[in-house]
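The following note sets out several points for consideration alongside the sequence and the coordinates. Each point is brief and may be checked directly in the viewer.

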Amino acid sequence: MKKTELCVLFGGRSSEYEVSLSSACNVLSAIDGEKYNVHKIGIDKEGNWYLYKGDNASIKNDTWKMGDITPVSVSLCGEGFFTPDGKLPCNVVLPVLHGEFCEDGRLQGLLDTCGIKYVGCGVTASDASMNKYLTKLVAENWGVPVTKYLHIRQRRFLRHKAEVFEDVKNKFTYPVFVKPVSAGSSVGASKVNDESELEKALAEAIKYGGEALIEEYITAKEIEVAVFGNDDPTASVCGEINPGAEFYDYETKYKNDTASYYIPSRISDKCANAVREYALRIFRALGCRGLSRVDFFVDKDENIVFNEINTFPGFTNISMYPSLMKNSGMTDSEIIDGLIKFALE
């Protein structure tokens with residue numbers, strides 16, 4: 001059987017660069033070498049592309065650029081990837097990349113221009129899903145409950161701070177959450193307990209893309225669903241995260257290890273089925289394909305509100321997406337095989 005030429009991208013110009021390295025190491029370890037010729041392409045923090053021929057451990061440790069690397073260029077004429085030795089064989093790309101320049105449609109547009117098939121959502125779905133403001137608008141339009149929120153652009157924040165503070169005062173009671181509109185892994189997000197903390201939190205959030213979202217604070221369980229498929233997607237069982245901290249921020253996710261995970265989640269079957277239906281509804285509404293993780297809050301009365309969608313969720317050792325899919329009976333290799341099949345469709 002002829003092997004599929006698979007290019008796995010990792011790293012990237014993103015605040016989630018390190019998360020990508022960890023995800024990529026796990027994905028590469030799970031790829032079936034009998035089915036795929038794997039070409040590892042690392043993208044450094046400056047955006048330079050390299051073909052990497054070393055071991056996976058060096059990727060995770062971020063020492064891969066000290067190994068055997070060759071520059072990679074992309075053809076804007078639909079001819080794929082090139083190294084100084086010539087064209088790099090590639091049937092499909094697996095972009096194990098997270099965050100800005102990676103998951104927000106910009107990379108997907110480049111791959112489309114290069115004429116290369118790739119795993120995951122296309123340009124429009126990636127862009128809209130990365131933008132938490134747009135996803136809330138779409139969810140509302142499709143009948144999915146969302147948290148109370150306020151969208152703030154950088155220009156308005158800098159020129160009309162008093163008005164912004166007044167809008168927040170009229171719409172919310174503290175505490176509130178402040179987060180970037182387009183960033184993942186809770187980068188730049190913070191819990192704000194009173195007005196004295198608001199300006200600093202907004203300034204931090206706006207650093208990531210020039211827009212911020214203010215959301216009401218909800219005492220609720222954090223519920224996540226893995227969606228898998230193209231035109232006829234399936235939703236996994238619901239998983240639950242107990243952060244073991246004030247909220248599930250970047251430090252809690254990847255450094256402090258205080259969180260607890262429950263699969264299946266500790267909600268009723270009726271509520272879980274409603275969450276899964278909402279996840280599929282949002283996936284379809286945004287035009288997603290391949291995979292996504294959809295996140296919700298469920299309060300003590302089992303009221304459900306949509307939080308956000310992640311179009312290329314983490315594949316680290318603690319990531320919920322692969323854990324949910326494995327709970328549904330799939331191995332890591334089967335997950336990857338399925339995603340590549342969806343991409344080649």
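1. Arginine 156 and glutamate 163 form a salt bridge, with 3.9 Å between the closest N and O atoms. The reader should bear in mind that this is a predicted model. Arginine 156 has a relative accessibility of 26% and therefore counts as partly exposed. Glutamate 163 is likewise to be described as partly exposed, because its relative accessible area is 45%.

2. A salt bridge also joins the side chains of arginine 156 and aspartate 167, at an N to O distance of 2.5 Å. This pair links distant parts of the chain: arginine 156 belongs to helix H6 (residues 154–159) and aspartate 167 to helix H7 (residues 161–171), the two being 11 residues apart. With 28% relative accessibility, aspartate 167 counts as partly exposed.

3. The salt-bridge count for the model comes to 16. One further pair is arginine 106 with aspartate 104, where the closest N and O atoms are 2.7 Å apart. The burial of the two partners should be stated separately. Arginine 106 is partly exposed, its relative accessible area being 46%. Aspartate 104 counts as buried because its relative accessibility is 9%, and the cut-off for burial is under 20%. In addition, a network of salt bridges links Lys136, Lys179 and Glu215.

4. Glutamate 308 deserves separate mention. This residue lies in strand E17 (residues 304–310) and is buried, because its relative accessible area is 14%. If residues up to four places away in sequence are not counted, glutamate 308 touches Lys132, Lys179, Arg293, Val294 and Asp295. Lys179, one of these contacts, is also a member of the salt-bridge network with Lys136 and Glu215. Glutamate 308 and methionine 130 are 178 residues apart in sequence, yet their C-alpha atoms are 8.6 Å apart in space.

5. Is threonine 4 buried or exposed? Threonine 4 counts as buried, because its relative accessibility is 18%. The residue is found in strand E1, which covers residues 4–11. Leaving aside neighbours within four places in sequence, threonine 4 is in contact with Lys35, Tyr36, Asn37, Asn91 and Val92.

6. Which elements do the buried residues of H11 pack against? Helix H11 covers residues 320–327, and its buried residues are Met320, Tyr321, Pro322, Leu324 and Met325. The buried residues of H11 pack against four strands, namely E13 (221–229), E14 (234–242), E15 (260–262) and E16 (290–298), and against helix H12 (332–344). Just after H11, glycine 329 adopts a positive phi of about 105°.

7. On the surface, Glu166, Asp194, Glu195 and Glu197 form a negative patch. Glutamate 197, one of the four, is located in the loop between strand E11 (190–192) and helix H8 (198–206). Its relative accessibility is 32%, and glutamate 197 therefore counts as partly exposed. This value also satisfies the patch criterion, because members must have over 30% relative accessible area and no salt bridge.

8. In summary, two acidic residues discussed above may be set side by side. Glutamate 308, in strand E17, is buried at 14% relative accessible area, whereas glutamate 197, in a loop, is partly exposed at 32% relative accessibility.

How values were computed
Residues numbered from 1 in each chain as written. Predicted model: local features only at pLDDT ≥ 70, side-chain atom pairs only at ≥ 80, totals over all residues. Heavy atoms only, no water. Patch = residues over 30% accessible without salt bridge, like charges linked within 9 Å, V, L, I, M, F, W, Y side chains within 5 Å. Areas by Shrake-Rupley, 256 points an atom, 1.4 Å probe, with all protein chains shown as cover. Lys, Arg positive; Asp, Glu negative; His and termini not counted. Charge placed at Lys NZ, Arg CZ, Asp CG, Glu CD. Buried < 20%, exposed > 50% of the residue type's maximum accessible area, 1.4 Å probe, protein only. Contact = heavy atoms within 4.5 Å.
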